[in-house]
Amino acid sequence: MLSSFLSRLPPFLLPLILINLTGHMALSGGRVTGSLYILQTGNAEYLVGVFMALFSIISVLTALSIGRWVDRVGATRVMRLGIGLVLVGAWMPVIYLSLPTLLLTALTIGFGFNVLSVASQHTVGHLVANATPSERLANFGWFALGHSASSTFGPFIAGILIDALGFRASFAALALFACVAAWLVVTRARDLPRPDAPPIAALEQESAINEDGEAREVPQKPRVFDLLATPEMRRIYWVNMIMSASWDLFIVMLPVLGHRMGYSASVIGLVFSLFAVGTFAARAAMPWLSRRANEWQILRASLAVVTIVFMALPWAGVAPALMALGLLFGCAVGMSQPNMLSLLHAASPAGRGGEAVGLRSVLSNSCSVAVPLAFGAAVVPFGISALLVSGGVIFASGIPPAHQGVRARLELSDR
(Lines give C-alpha, C1' and ligand atoms only; values in the text may rest on other atoms or scores of the structure.)
Protein backbone atom coordinates (compact mmCIF):
# COMPACT_ATOMS: atom_id res chain seq x y z
CA MET A 1 0.00 0.00 0.00
CA LEU A 2 2.81 2.39 0.92
CA SER A 3 4.75 1.56 -2.24
CA SER A 4 1.59 2.16 -4.30
CA PHE A 5 1.13 5.57 -2.69
CA LEU A 6 4.77 6.54 -3.20
CA SER A 7 4.61 5.52 -6.85
CA ARG A 8 1.86 8.09 -7.41
CA LEU A 9 3.98 10.98 -6.13
CA PRO A 10 5.68 13.14 -8.77
CA PRO A 11 9.37 12.43 -9.37
CA PHE A 12 11.69 14.19 -6.90
CA LEU A 13 8.87 15.07 -4.46
CA LEU A 14 9.74 12.41 -1.86
CA PRO A 15 13.47 13.31 -1.84
CA LEU A 16 12.56 17.00 -1.48
CA ILE A 17 10.27 16.18 1.46
CA LEU A 18 13.03 14.17 3.17
CA ILE A 19 15.64 16.87 2.47
CA ASN A 20 13.36 19.51 3.97
CA LEU A 21 12.64 17.30 7.01
CA THR A 22 16.21 16.29 7.86
CA GLY A 23 17.69 19.69 7.05
CA HIS A 24 15.15 21.50 9.21
CA MET A 25 15.89 19.21 12.18
CA ALA A 26 19.19 21.04 12.64
CA LEU A 27 17.30 24.35 12.77
CA SER A 28 14.26 23.41 14.89
CA GLY A 29 16.26 21.34 17.37
CA GLY A 30 19.13 23.82 17.35
CA ARG A 31 16.83 26.65 18.42
CA VAL A 32 15.73 24.74 21.52
CA THR A 33 19.18 23.41 22.40
CA GLY A 34 20.88 26.76 21.92
CA SER A 35 18.23 28.70 23.87
CA LEU A 36 18.43 26.33 26.85
CA TYR A 37 22.22 26.40 26.80
CA ILE A 38 22.23 30.20 26.87
CA LEU A 39 19.86 30.26 29.86
CA GLN A 40 21.46 27.42 31.82
CA THR A 41 24.95 28.92 31.51
CA GLY A 42 23.78 32.11 33.24
CA ASN A 43 23.60 34.46 30.27
CA ALA A 44 21.06 37.30 30.04
CA GLU A 45 17.58 36.37 28.82
CA TYR A 46 17.66 38.97 26.03
CA LEU A 47 20.43 36.93 24.39
CA VAL A 48 17.85 34.22 23.69
CA GLY A 49 15.91 36.74 21.62
CA VAL A 50 19.09 37.77 19.82
CA PHE A 51 19.93 34.11 19.17
CA MET A 52 16.47 33.42 17.73
CA ALA A 53 16.52 36.54 15.53
CA LEU A 54 19.90 35.60 14.04
CA PHE A 55 18.33 32.60 12.32
CA SER A 56 16.39 34.99 10.07
CA ILE A 57 18.44 38.16 9.80
CA ILE A 58 20.69 37.20 6.85
CA SER A 59 17.74 35.70 4.98
CA VAL A 60 15.97 39.06 5.07
CA LEU A 61 18.86 40.56 3.13
CA THR A 62 19.60 37.71 0.73
CA ALA A 63 16.46 35.67 -0.05
CA LEU A 64 15.52 37.78 -3.07
CA SER A 65 18.96 37.35 -4.62
CA ILE A 66 18.85 33.63 -3.89
CA GLY A 67 15.52 33.38 -5.71
CA ARG A 68 16.95 35.16 -8.74
CA TRP A 69 19.96 32.82 -8.64
CA VAL A 70 17.61 29.81 -8.73
CA ASP A 71 15.92 31.30 -11.81
CA ARG A 72 19.30 31.61 -13.54
CA VAL A 73 21.08 28.34 -12.69
CA GLY A 74 18.38 25.97 -11.43
CA ALA A 75 17.81 24.53 -7.97
CA THR A 76 20.48 21.81 -7.80
CA ARG A 77 23.53 24.06 -7.39
CA VAL A 78 21.71 26.36 -5.00
CA MET A 79 20.56 23.47 -2.79
CA ARG A 80 24.12 22.19 -2.51
CA LEU A 81 25.29 25.57 -1.25
CA GLY A 82 22.41 25.70 1.24
CA ILE A 83 22.98 22.27 2.74
CA GLY A 84 26.71 22.96 2.90
CA LEU A 85 26.05 25.98 5.10
CA VAL A 86 23.64 23.98 7.28
CA LEU A 87 26.32 21.30 7.73
CA VAL A 88 28.97 23.81 8.77
CA GLY A 89 26.63 25.52 11.22
CA ALA A 90 25.37 22.25 12.71
CA TRP A 91 28.86 20.93 13.51
CA MET A 92 30.23 24.19 14.99
CA PRO A 93 28.81 23.72 18.52
CA VAL A 94 29.80 20.03 18.47
CA ILE A 95 33.42 20.98 17.90
CA TYR A 96 33.45 23.98 20.24
CA LEU A 97 30.42 24.88 22.38
CA SER A 98 30.28 28.52 23.50
CA LEU A 99 28.01 31.54 23.23
CA PRO A 100 29.90 33.13 20.29
CA THR A 101 29.83 29.78 18.48
CA LEU A 102 26.08 29.49 19.03
CA LEU A 103 25.45 32.95 17.60
CA LEU A 104 27.53 32.07 14.54
CA THR A 105 25.68 28.76 14.31
CA ALA A 106 22.33 30.56 14.23
CA LEU A 107 23.51 32.81 11.42
CA THR A 108 24.91 29.94 9.35
CA ILE A 109 22.10 27.41 9.79
CA GLY A 110 19.40 30.04 9.33
CA PHE A 111 20.95 31.35 6.13
CA GLY A 112 21.75 27.90 4.78
CA PHE A 113 18.32 26.45 5.36
CA ASN A 114 16.67 29.48 3.78
CA VAL A 115 18.80 28.96 0.65
CA LEU A 116 17.78 25.29 0.63
CA SER A 117 14.12 26.16 1.23
CA VAL A 118 13.81 28.78 -1.52
CA ALA A 119 15.33 26.40 -4.08
CA SER A 120 13.22 23.40 -3.07
CA GLN A 121 9.95 25.38 -2.85
CA HIS A 122 10.54 26.74 -6.33
CA THR A 123 11.16 23.23 -7.63
CA VAL A 124 7.99 21.74 -6.14
CA GLY A 125 5.93 24.20 -8.17
CA HIS A 126 7.33 22.72 -11.40
CA LEU A 127 7.42 18.99 -10.65
CA VAL A 128 4.43 18.33 -12.91
CA ALA A 129 4.20 20.03 -16.30
CA ASN A 130 0.86 21.82 -16.80
CA ALA A 131 -0.28 20.83 -13.30
CA THR A 132 -3.81 21.83 -12.29
CA PRO A 133 -4.22 24.11 -9.26
CA SER A 134 -5.43 21.18 -7.13
CA GLU A 135 -2.45 19.01 -8.17
CA ARG A 136 0.01 21.79 -7.41
CA LEU A 137 -1.64 22.48 -4.05
CA ALA A 138 -1.55 18.77 -3.15
CA ASN A 139 2.18 18.65 -3.97
CA PHE A 140 2.88 21.64 -1.74
CA GLY A 141 0.78 20.03 1.00
CA TRP A 142 2.90 16.87 0.92
CA PHE A 143 6.09 18.93 0.78
CA ALA A 144 5.12 20.99 3.83
CA LEU A 145 4.71 17.82 5.90
CA GLY A 146 8.48 17.58 6.16
CA HIS A 147 8.63 20.97 7.87
CA SER A 148 5.79 20.04 10.23
CA ALA A 149 7.40 16.73 11.15
CA SER A 150 10.79 18.30 11.90
CA SER A 151 9.13 21.10 13.91
CA THR A 152 7.61 18.36 16.09
CA PHE A 153 10.50 15.91 16.39
CA GLY A 154 13.45 18.32 16.40
CA PRO A 155 12.67 20.00 19.74
CA PHE A 156 11.45 16.67 21.20
CA ILE A 157 14.67 14.82 20.37
CA ALA A 158 16.78 17.76 21.49
CA GLY A 159 15.04 17.91 24.89
CA ILE A 160 15.48 14.19 25.53
CA LEU A 161 19.17 14.22 24.60
CA ILE A 162 19.90 17.33 26.68
CA ASP A 163 18.45 15.68 29.80
CA ALA A 164 20.11 12.32 29.13
CA LEU A 165 23.51 13.15 27.61
CA GLY A 166 23.99 16.92 27.60
CA PHE A 167 24.03 19.79 25.13
CA ARG A 168 26.92 18.59 22.97
CA ALA A 169 25.21 15.24 22.37
CA SER A 170 22.04 17.02 21.31
CA PHE A 171 23.94 19.16 18.80
CA ALA A 172 25.78 16.06 17.52
CA ALA A 173 22.51 14.22 16.83
CA LEU A 174 21.11 17.25 14.98
CA ALA A 175 24.33 17.49 12.96
CA LEU A 176 23.87 13.85 11.91
CA PHE A 177 20.44 14.73 10.55
CA ALA A 178 22.13 17.49 8.55
CA CYS A 179 24.54 14.88 7.16
CA VAL A 180 21.56 12.79 6.00
CA ALA A 181 20.11 15.86 4.28
CA ALA A 182 23.46 16.52 2.58
CA TRP A 183 23.61 12.92 1.32
CA LEU A 184 20.09 13.25 -0.09
CA VAL A 185 20.94 16.51 -1.85
CA VAL A 186 24.05 15.00 -3.46
CA THR A 187 22.49 11.68 -4.48
CA ARG A 188 18.78 12.38 -4.99
CA ALA A 189 18.55 16.03 -6.08
CA ARG A 190 20.34 15.87 -9.41
CA ASP A 191 18.86 17.38 -12.57
CA LEU A 192 15.85 18.85 -10.81
CA PRO A 193 13.07 20.09 -13.14
CA ARG A 194 12.96 23.74 -14.13
CA PRO A 195 10.15 25.85 -15.58
CA ASP A 196 9.75 25.88 -19.34
CA ALA A 197 9.93 29.69 -19.44
CA PRO A 198 13.34 31.27 -20.04
CA PRO A 199 15.20 32.28 -16.90
CA ILE A 200 15.45 35.81 -15.63
CA ALA A 201 18.76 36.20 -17.44
CA ALA A 202 16.69 36.68 -20.57
CA LEU A 203 15.92 40.26 -19.72
CA GLU A 204 12.69 41.98 -20.58
CA GLN A 205 12.68 44.20 -23.63
CA GLU A 206 11.52 47.73 -23.98
CA SER A 207 11.06 49.72 -27.19
CA ALA A 208 13.36 52.65 -27.80
CA ILE A 209 14.39 54.89 -30.70
CA ASN A 210 17.94 54.75 -32.00
CA GLU A 211 19.89 57.61 -33.61
CA ASP A 212 18.41 56.82 -37.04
CA GLY A 213 14.87 57.15 -35.73
CA GLU A 214 14.22 53.41 -35.86
CA ALA A 215 12.60 51.43 -33.10
CA ARG A 216 14.84 48.94 -31.35
CA GLU A 217 14.66 46.71 -28.28
CA VAL A 218 16.62 47.70 -25.18
CA PRO A 219 17.15 45.12 -22.43
CA GLN A 220 15.63 46.18 -19.15
CA LYS A 221 16.48 44.46 -15.89
CA PRO A 222 13.29 43.31 -14.13
CA ARG A 223 12.57 45.13 -10.87
CA VAL A 224 11.28 43.56 -7.70
CA PHE A 225 8.32 45.95 -7.65
CA ASP A 226 7.20 44.41 -10.94
CA LEU A 227 6.14 41.40 -8.87
CA LEU A 228 3.53 43.62 -7.18
CA ALA A 229 2.07 44.89 -10.45
CA THR A 230 -1.07 42.72 -10.36
CA PRO A 231 -3.82 42.71 -7.69
CA GLU A 232 -3.39 38.93 -7.31
CA MET A 233 0.29 39.22 -6.39
CA ARG A 234 -0.39 42.07 -3.97
CA ARG A 235 -3.08 39.97 -2.27
CA ILE A 236 -0.75 37.00 -2.03
CA TYR A 237 2.08 38.93 -0.40
CA TRP A 238 -0.17 40.80 2.04
CA VAL A 239 -1.89 37.62 3.24
CA ASN A 240 1.51 35.93 3.44
CA MET A 241 2.76 38.66 5.79
CA ILE A 242 -0.39 38.39 7.92
CA MET A 243 -0.03 34.63 8.33
CA SER A 244 3.71 34.87 9.02
CA ALA A 245 3.20 37.56 11.66
CA SER A 246 0.47 35.54 13.39
CA TRP A 247 2.74 32.48 13.51
CA ASP A 248 5.64 34.47 14.98
CA LEU A 249 3.43 36.25 17.52
CA PHE A 250 1.93 32.97 18.73
CA ILE A 251 5.37 31.38 19.17
CA VAL A 252 6.85 34.30 21.10
CA MET A 253 3.83 35.06 23.28
CA LEU A 254 2.93 31.50 24.34
CA PRO A 255 5.63 31.06 27.04
CA VAL A 256 4.86 34.52 28.42
CA LEU A 257 1.09 33.97 28.44
CA GLY A 258 1.42 30.49 29.96
CA HIS A 259 3.76 31.72 32.68
CA ARG A 260 1.49 34.64 33.60
CA MET A 261 -1.49 32.29 33.82
CA GLY A 262 0.45 30.01 36.13
CA TYR A 263 0.75 26.99 33.81
CA SER A 264 3.63 24.57 34.27
CA ALA A 265 6.41 24.12 31.75
CA SER A 266 4.97 20.73 30.78
CA VAL A 267 1.59 22.32 29.93
CA ILE A 268 3.25 25.02 27.85
CA GLY A 269 5.35 22.39 26.09
CA LEU A 270 2.23 20.33 25.39
CA VAL A 271 0.56 23.36 23.80
CA PHE A 272 3.58 23.73 21.49
CA SER A 273 3.32 20.04 20.62
CA LEU A 274 -0.40 20.32 19.86
CA PHE A 275 0.33 23.34 17.70
CA ALA A 276 2.82 21.27 15.68
CA VAL A 277 0.34 18.39 15.48
CA GLY A 278 -2.24 20.82 14.12
CA THR A 279 0.09 22.01 11.35
CA PHE A 280 0.90 18.40 10.44
CA ALA A 281 -2.74 17.35 10.35
CA ALA A 282 -3.74 20.34 8.18
CA ARG A 283 -0.99 19.66 5.67
CA ALA A 284 -1.76 15.94 5.58
CA ALA A 285 -5.36 16.85 4.72
CA MET A 286 -4.32 19.25 1.96
CA PRO A 287 -4.61 16.74 -0.94
CA TRP A 288 -8.20 16.02 0.18
CA LEU A 289 -9.01 19.72 0.68
CA SER A 290 -7.50 20.70 -2.68
CA ARG A 291 -10.22 18.69 -4.44
CA ARG A 292 -13.01 20.50 -2.58
CA ALA A 293 -11.90 24.13 -2.29
CA ASN A 294 -9.47 26.47 -4.02
CA GLU A 295 -6.51 28.17 -2.35
CA TRP A 296 -8.24 31.47 -1.57
CA GLN A 297 -11.24 29.76 -0.01
CA ILE A 298 -8.95 27.79 2.31
CA LEU A 299 -6.93 30.89 3.20
CA ARG A 300 -10.08 32.91 3.92
CA ALA A 301 -11.22 30.26 6.40
CA SER A 302 -7.73 30.06 7.92
CA LEU A 303 -7.58 33.83 8.50
CA ALA A 304 -10.99 33.77 10.19
CA VAL A 305 -9.81 31.01 12.55
CA VAL A 306 -6.55 32.86 13.32
CA THR A 307 -8.50 36.00 14.21
CA ILE A 308 -10.85 34.07 16.52
CA VAL A 309 -7.95 32.32 18.26
CA PHE A 310 -6.14 35.56 19.11
CA MET A 311 -9.34 37.16 20.34
CA ALA A 312 -9.95 34.12 22.59
CA LEU A 313 -6.42 33.62 23.96
CA PRO A 314 -6.65 36.23 26.78
CA TRP A 315 -9.61 34.28 28.21
CA ALA A 316 -8.01 30.82 28.06
CA GLY A 317 -8.23 30.50 31.83
CA VAL A 318 -7.87 26.70 31.97
CA ALA A 319 -5.16 24.54 30.43
CA PRO A 320 -7.49 22.49 28.17
CA ALA A 321 -8.75 25.73 26.58
CA LEU A 322 -5.20 26.87 25.81
CA MET A 323 -4.37 23.45 24.39
CA ALA A 324 -7.45 23.48 22.18
CA LEU A 325 -6.60 26.95 20.89
CA GLY A 326 -3.03 25.83 20.18
CA LEU A 327 -4.27 22.86 18.16
CA LEU A 328 -6.80 25.02 16.30
CA PHE A 329 -4.21 27.67 15.52
CA GLY A 330 -1.80 25.01 14.24
CA CYS A 331 -4.46 23.71 11.85
CA ALA A 332 -5.16 27.23 10.56
CA VAL A 333 -1.58 28.35 9.91
CA GLY A 334 -0.55 24.88 8.74
CA MET A 335 -2.71 25.41 5.68
CA SER A 336 -1.10 28.72 4.81
CA GLN A 337 2.27 27.70 3.34
CA PRO A 338 1.02 25.15 0.75
CA ASN A 339 -1.75 27.48 -0.42
CA MET A 340 0.48 30.56 -0.57
CA LEU A 341 3.14 28.72 -2.58
CA SER A 342 0.56 27.28 -4.97
CA LEU A 343 -0.93 30.73 -5.60
CA LEU A 344 2.51 32.28 -5.96
CA HIS A 345 3.69 29.84 -8.59
CA ALA A 346 0.47 30.28 -10.59
CA ALA A 347 0.59 34.10 -10.49
CA SER A 348 4.31 34.90 -10.74
CA PRO A 349 5.68 36.20 -14.07
CA ALA A 350 7.24 33.65 -16.42
CA GLY A 351 10.85 32.90 -15.58
CA ARG A 352 10.68 34.70 -12.20
CA GLY A 353 9.22 32.02 -9.95
CA GLY A 354 12.37 31.77 -7.87
CA GLU A 355 12.47 35.53 -7.41
CA ALA A 356 8.80 35.51 -6.33
CA VAL A 357 9.53 32.79 -3.74
CA GLY A 358 12.57 34.79 -2.61
CA LEU A 359 10.47 37.90 -2.02
CA ARG A 360 8.01 35.82 0.00
CA SER A 361 10.93 34.56 2.09
CA VAL A 362 12.17 38.14 2.64
CA LEU A 363 8.77 39.20 3.97
CA SER A 364 8.37 36.10 6.15
CA ASN A 365 11.84 36.42 7.67
CA SER A 366 11.29 40.14 8.26
CA CYS A 367 8.29 39.20 10.39
CA SER A 368 10.42 36.64 12.24
CA VAL A 369 12.81 39.42 13.20
CA ALA A 370 10.38 42.29 13.79
CA VAL A 371 7.52 40.56 15.64
CA PRO A 372 9.55 39.16 18.58
CA LEU A 373 11.35 42.48 19.04
CA ALA A 374 8.10 44.46 18.89
CA PHE A 375 6.37 42.07 21.30
CA GLY A 376 9.23 42.34 23.80
CA ALA A 377 9.13 46.12 23.67
CA ALA A 378 5.33 46.43 23.98
CA VAL A 379 4.31 43.65 26.38
CA VAL A 380 5.30 45.52 29.57
CA PRO A 381 3.69 48.93 28.87
CA PHE A 382 0.52 47.60 27.18
CA GLY A 383 -0.02 44.14 28.62
CA ILE A 384 -0.30 40.83 26.82
CA SER A 385 -4.09 40.80 26.53
CA ALA A 386 -4.15 44.11 24.67
CA LEU A 387 -1.44 42.88 22.30
CA LEU A 388 -3.31 39.67 21.54
CA VAL A 389 -6.59 41.44 20.81
CA SER A 390 -4.76 44.04 18.70
CA GLY A 391 -3.06 41.22 16.85
CA GLY A 392 -6.45 39.65 16.15
CA VAL A 393 -7.69 42.93 14.67
CA ILE A 394 -4.59 43.25 12.47
CA PHE A 395 -4.84 39.65 11.29
CA ALA A 396 -8.50 40.17 10.39
CA SER A 397 -7.31 42.68 7.79
CA GLY A 398 -6.24 39.73 5.67
CA ILE A 399 -9.80 38.43 5.32
CA PRO A 400 -11.05 41.09 2.80
CA PRO A 401 -8.20 40.53 0.27
CA ALA A 402 -8.64 36.76 0.65
CA HIS A 403 -12.35 37.20 -0.07
CA GLN A 404 -11.45 39.30 -3.13
CA GLY A 405 -9.23 36.44 -4.25
CA VAL A 406 -12.17 34.03 -3.94
CA ARG A 407 -14.38 36.33 -6.02
CA ALA A 408 -11.68 36.80 -8.67
CA ARG A 409 -11.23 33.02 -8.94
CA LEU A 410 -14.98 32.48 -9.30
CA GLU A 411 -15.28 35.21 -11.96
CA LEU A 412 -12.40 33.62 -13.88
CA SER A 413 -14.03 30.19 -13.76
CA ASP A 414 -17.35 31.63 -15.04
CA ARG A 415 -15.75 33.01 -18.20
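A residue is taken as buried when its relative accessible area is under 20%. In the predicted model examined here, both Phe-250 and Phe-329 fall into this buried class. The structure holds eight aromatic pairs, and one of these is formed by Phe-250 and Phe-329, whose rings are stacked, with 4.5 Å from centre to centre and 20° between the planes. This pair joins distant parts of the chain, since Phe-250 belongs to helix H8 (residues 231-260) and Phe-329 to helix H12 (residues 319-334), the two positions being 79 residues apart. The two rings also take part in a cluster linked by ring pairs, in which Phe-250 and Phe-329 are accompanied by Trp-247, Phe-275, Phe-310 and Phe-395.

A search for enclosed empty space yielded one cavity of 30 Å³ or more, and the volume of the largest cavity is about 60 Å³. Its lining consists of Ala-26, Gly-30, Arg-31, Phe-51, Phe-55, Ala-90, Pro-93, Thr-105, Ile-109, Phe-171, Leu-174 and Ala-175. At least two residues of this lining are supplied by each of helix H2 (13-40), helix H3 (46-73), helix H4 (75-95), helix H5 (99-124) and helix H7 (167-188). By residue class, the lining of the largest cavity comprises nine nonpolar, two polar and one charged.

Arg-31 and Phe-55, both of which are among the residues lining the largest cavity, are further related by a contact between charge and ring, in which Arg-31 lies over the face of Phe-55 at 5.3 Å from the ring centre.

Technical notes. Residues numbered from 1 in each chain as written. Predicted model: local features only at pLDDT ≥ 70, side-chain atom pairs only at ≥ 80, totals over all residues. Heavy atoms only, no water. Phe/Tyr/Trp six-rings, centres within 6.5 Å; stacked < 30°, edge-to-face > 60°. Helix = DSSP H or I, 4+ residues; strand = E, 2+ residues; numbered from the N terminus. Buried < 20%, exposed > 50% of the residue type's maximum accessible area, 1.4 Å probe, protein only. Lys NZ or Arg CZ within 6 Å of the ring centre and 35° of its normal. 1 Å grid on protein atoms, 1.4 Å probe; cavity = no way out; pocket = protein on both sides within 12 Å on 5 of 7 lines; lining within 4 Å. Points joined across faces, edges and corners; volume = space filled by probe spheres on them. Nonpolar A, V, L, I, M, F, W, Y, C, P; charged D, E, K, R; others polar.
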